[in-house]
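Here is a short report on one protein chain. Keep the structure open while reading.

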Amino acid sequence: MGSSSSNEAGLRRPTSLRAQNPEVYYSDDAIVTADDATIAELKRIAAGNPRLRSRLCTHPDPSSDLHEMLIVHHREAYVRPHKHFGKPESFHLIEGTAQVVIFEDDGRIRDVLEMAPYGQGGLCYYRMPEKVFHSILITSEWLVFHETTAGPFDPSRTAFPDWAPDGGDAAAVQDYVARTGTLAAEYLARK
């Protein structure tokens, strides 16, 4: 791995990666860093996962009060609409483009945020309050972003709607993503 931190001799060495599962990695380094090689490694990991995603958690462990992550998704990764309880999140785009779709509780589109890295004319950052359904439609080959949210990790603090597929049926996901993409484009055309 090529991301780096300093050692006693002042040389840079790769950031350590410790797998929690095939998608989620932590570092044991006191100062966690990331560079082009880190992102390349996260892309390699994501490409080898069925859900086409990976993340480097820069917080020490799932019980941390603050969670900061470098997240990589391939274009074909499905981000099921979801909302959080007691957990706002912030999202800073590093590479790629996407549409963050914000939904009403009944599945109607409330807003679409066109995301791009700084300097490319889109939004490069958002902070989402809790209890807002949202999803990501990836419009580039890879999407790399920094996400921050409250910990500790507790899956019961995230809710998924019954109007979006759970990801188990590839055809249903493909149909849902295509329909949502069409609705998002129509929304943006009216905006």
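The text below goes through the sheets, the helices and the cores in turn.

**The open sheet**

This is a predicted model. Seven strands make up an open sheet of mixed pairing, ordered 3-4-5-6-13-8-11. Strand 3 (18–19) and strand 11 (125–128) are its edges. Each has a single partner strand, so one side of each lacks a neighbour in the sheet. At one edge, strand 3 runs antiparallel to strand 4 (residues 24–26), and two bridges join them. Alanine 19 has tyrosine 25 in strand 4 as its bridge partner.

**Helix 1 across the strands**

Helix 1 (residues 36–47) lies across strand 4, strand 5 (53–57), strand 6 (66–74), strand 8 (89–95) and strand 13 (142–150). Its direction is at about 135° to strand 5. The helix has twelve residues and reaches 16 Å from first C-alpha to last, close to the 16 Å expected at 1.5 Å a residue.

Which residues of helix 1 are buried? They are Thr38, Ile39, Glu41, Leu42, Lys43, Ile45 and Ala46. The cover over the buried residues of helix 1 includes strand 4, strand 5, strand 6, strand 8 and strand 13.

**Strand 9 and its partners**

Strand 9 (98–103) is mostly covered, with six of its six residues buried. In a regular strand, side chains alternate between the two faces of the sheet. Here Ala98, Val100 and Ile102 point one way, while Gln99, Val101 and Phe103 point the other way. All of them are buried.

Strand 9 pairs with strand 10 and with strand 12, as the table shows.

| Partner of strand 9 | Sense | Bridges | One bridge pair |
|---|---|---|---|
| Strand 10 | antiparallel | six bridges | valine 100 with leucine 113 |
| Strand 12 | antiparallel | six bridges | glutamine 99 with leucine 137 |

Strand 9 and strand 10 form a hairpin, with five residues between them. Glycine 107 sits in the turn and has a positive phi of about 100°.

**Two nonpolar cores**

In soluble globular proteins, nonpolar side chains tend to be buried together. The largest nonpolar core in this model has 21 residues. Phe91, Val100, Met115, Tyr126, Ile136, Leu143 and Phe145 touch the most other members. At least two residues of this core come from each of strand 4, strand 6, strand 8, strand 9, strand 10 (109–115), strand 11, strand 12 (133–138) and strand 13. Strand 9 gives the most, with three residues.

What does valine 100 contact, leaving aside its neighbours within four places in sequence? The list is Asp111, Val112, Leu113, Met115, Tyr126, Met128, Ser135 and Ile136.

A second, separate core has 13 residues, including Val101, Phe133, Ala164 and Tyr187.

**Alanine 178**

Alanine 178 is found in helix 2 (residues 170–190). Is alanine 178 buried, exposed or partly exposed? Its relative accessibility is 45%, so alanine 178 counts as partly exposed. Buried would need under 20%, and exposed over 50%. Alanine 178 is 49 residues from proline 129 in sequence. In space, the two are 26 Å apart, C-alpha to C-alpha.

**The annotated domain**

An unreviewed UniProt entry lists residues 35–113 as "domain: Cupin fold metalloprotein WbuC cupin". In the model, this span is 15% helix and 43% strand. The end C-alpha atoms of residues 35–113 lie 27 Å apart.

Terms used:
Residues are numbered from 1 along each chain as its sequence is written. This is a predicted model: local features need pLDDT of at least 70, side-chain atom pairs count only at pLDDT 80 or more; totals for chains, interfaces and linings use all residues. Side-chain values use heavy atoms; hydrogens and water are left out. Helices (H or I, at least four residues) and strands (E, at least two) are DSSP runs, numbered from the N terminus. Buried means under 20% relative accessible area, exposed over 50%, partly exposed in between (1.4 Å probe, protein chains only). Two strands pair if DSSP finds at least two bridges between them. Contact means heavy atoms within 4.5 Å. Axes are lines fitted to C-alpha atoms, for helices over the stretch in contact, and angles run from 0 to 180 degrees between N-to-C directions. UniProt positions are given in the numbering used here, feature names are shortened, and annotations may be inferred rather than shown by experiment. A nonpolar core is a set of buried Ala, Val, Leu, Ile, Met, Phe, Trp, Tyr and Cys residues joined through side-chain atoms within 4.5 Å. The expected span of a helix is 1.5 Å times one less than its number of residues.
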